[in-house]
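Reader: Could you walk me through this structure before I go back to the bench? I would like to start with the overall layout and then ask about particular spots.

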Amino acid sequence: TRCVQQILRVLCLYKDEMDVEQPVQLYVYDMTKGLAAQLSPMFLGKQIEGVWHTGVVVYGTEYFYGGGIEYATPGTLPMLGLPDKTVELGTTFIPKDVFLDYLADISPQYTVETYNLLEHNCNHFSDDVAQFLTGTHIPSYILDQHKEILNTPFGAQLKPLLDSMQGPSGGTSINGRR
């Protein structure tokens, strides 16, 4: 796969530079600012803690997908503020320039046109990045939340509206375009 090819390239080209370990974190934001926890029992018939937006923090930068791959200073996204949770995903030895090449390679998969609030969103991007950097997935309660919501009668009724919505933004696009 493309991910394995990238990792092999890293091992061959950067074997002398791979002694710098970088922490990898998942920043988790509740886009409802607590409303999902309060209102979900009434609307969904079950409790959900939040509606999650995620970004991966590595090399001192937060990378996320809103309508393209974007980056920002960690915890400074205008609409989201500080993260509600931080999940330690592990560490990586992958050099930053190889990571940026990886992001450029996957950027056609993460555009405004390919964004889908339920099935191809920031959490799917964060999961792909986490796998590339650390070999681990983000927590399933985040990645699979849309399935839990859609499996309720109210969630099924909301699907057409949710399909038409776009995600949060506020960072700088990795390809320089907005």
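**Layout of the chain**

Author: The chain has 7 helices and 6 strands, where helices (H or I, at least four residues) and strands (E, at least two) are DSSP runs numbered from the N terminus. This is a predicted model, in which local features need pLDDT of at least 70 and side-chain atom pairs count only at pLDDT 80 or more, while totals for chains, interfaces and linings use all residues. Residues are numbered from 1 along each chain as its sequence is written, and side-chain values use heavy atoms, with hydrogens and water left out.

Reader: Which pattern does the chain follow along the sequence?

Author: Read along the sequence, the pattern is α-β-α-β-β-β-β-α-α-α-α-α-β.

Reader: And how much of the chain is buried?

Author: Buried residues account for 44% of the 178 residues, with buried meaning under 20% relative accessible area, exposed over 50%, and partly exposed in between (1.4 Å probe, protein chains only). The accessible surface comes to about 9,200 Å², and 57% of that belongs to carbon and sulfur atoms; these areas come from the Shrake-Rupley method with a 1.4 Å probe, and for residues only the protein chains shown count as cover.

Reader: What share of the contacts joins residues at least 24 apart?

Author: Among contacts between residues at least 6 apart in sequence, that share is 73%, a contact being heavy atoms within 4.5 Å.

Reader: Let's turn to strand 2; why is it described as largely enclosed?

Author: Strand 2 covers residues 52-58, and 7 of the 7 residues are buried, so the strand is largely enclosed by the rest of the structure. Trp52, Thr54, Val56 and Val58 point one way, His53, Gly55 and Val57 point the other way, and all are buried. In a regular strand the side chains alternate between the two faces of the sheet.

Reader: Which strands does strand 2 run antiparallel to?

Author: Strand 1 (residues 22-30) is joined to strand 2 by 6 bridges, and the two run antiparallel; Val28 stands opposite Thr54 in that pairing. Strand 3 (residues 61-65) is also antiparallel to strand 2, with 3 bridges between them, and here Val57 stands opposite Glu62. Two strands pair if DSSP finds at least two bridges between them.

Reader: What happens at the turn between strand 2 and strand 3?

Author: That hairpin has 2 residues between the strands, and Tyr59 takes a positive phi near 55° there.

Reader: Tyr59 is an aromatic, so how many aromatic pairs does the structure hold?

Author: The structure holds 12 aromatic pairs, where rings of Phe, Tyr and Trp (its six-membered ring) pair if their centres lie within 6.5 Å, and planes under 30 degrees apart count as stacked, over 60 as edge-to-face and the rest as tilted. Tyr59 and Phe99 make one of them, and because their planes are at 45°, with ring centres 5.7 Å apart, the pair is tilted. Tyr59 lies in the loop between strand 2 and strand 3 and Phe99 in helix 3 (residues 96-106), so the pair ties together parts that are 40 residues apart in sequence.

Reader: Are those two buried or exposed?

Author: Both Tyr59 and Phe99 are buried. Tyr102 and Phe132 form a stacked aromatic pair, 3.9 Å centre to centre with 5° between the planes. Tyr102 is in helix 3 and Phe132 in helix 4 (residues 122-134), so this pair ties together parts 30 residues apart in sequence. One aromatic cluster takes in Tyr59, Tyr63, Tyr71, Phe99, Tyr102 and Phe132.

Reader: Changing topic, how many salt bridges are there?

Author: The structure holds 3 salt bridges, each being a side-chain nitrogen of Lys or Arg within 4 Å of a carboxyl oxygen of Asp or Glu. Lys46 and Glu148 meet in one of them, at 3.8 Å from N to O. Lys46 lies in the loop between helix 2 and strand 2 and Glu148 in helix 6 (residues 145-150), so the pair ties together parts that are 102 residues apart in sequence.

Reader: And which residue does Lys85 bridge to?

Author: Lys85 forms a salt bridge with Glu49, their closest N and O atoms being 3.0 Å apart. This pair links distant parts of the chain, with Lys85 in strand 5 (residues 85-92) and Glu49 in the loop between helix 2 and strand 2, 36 residues apart. Asp144 forms a salt bridge with Lys147, where the closest N and O atoms are 3.7 Å apart.
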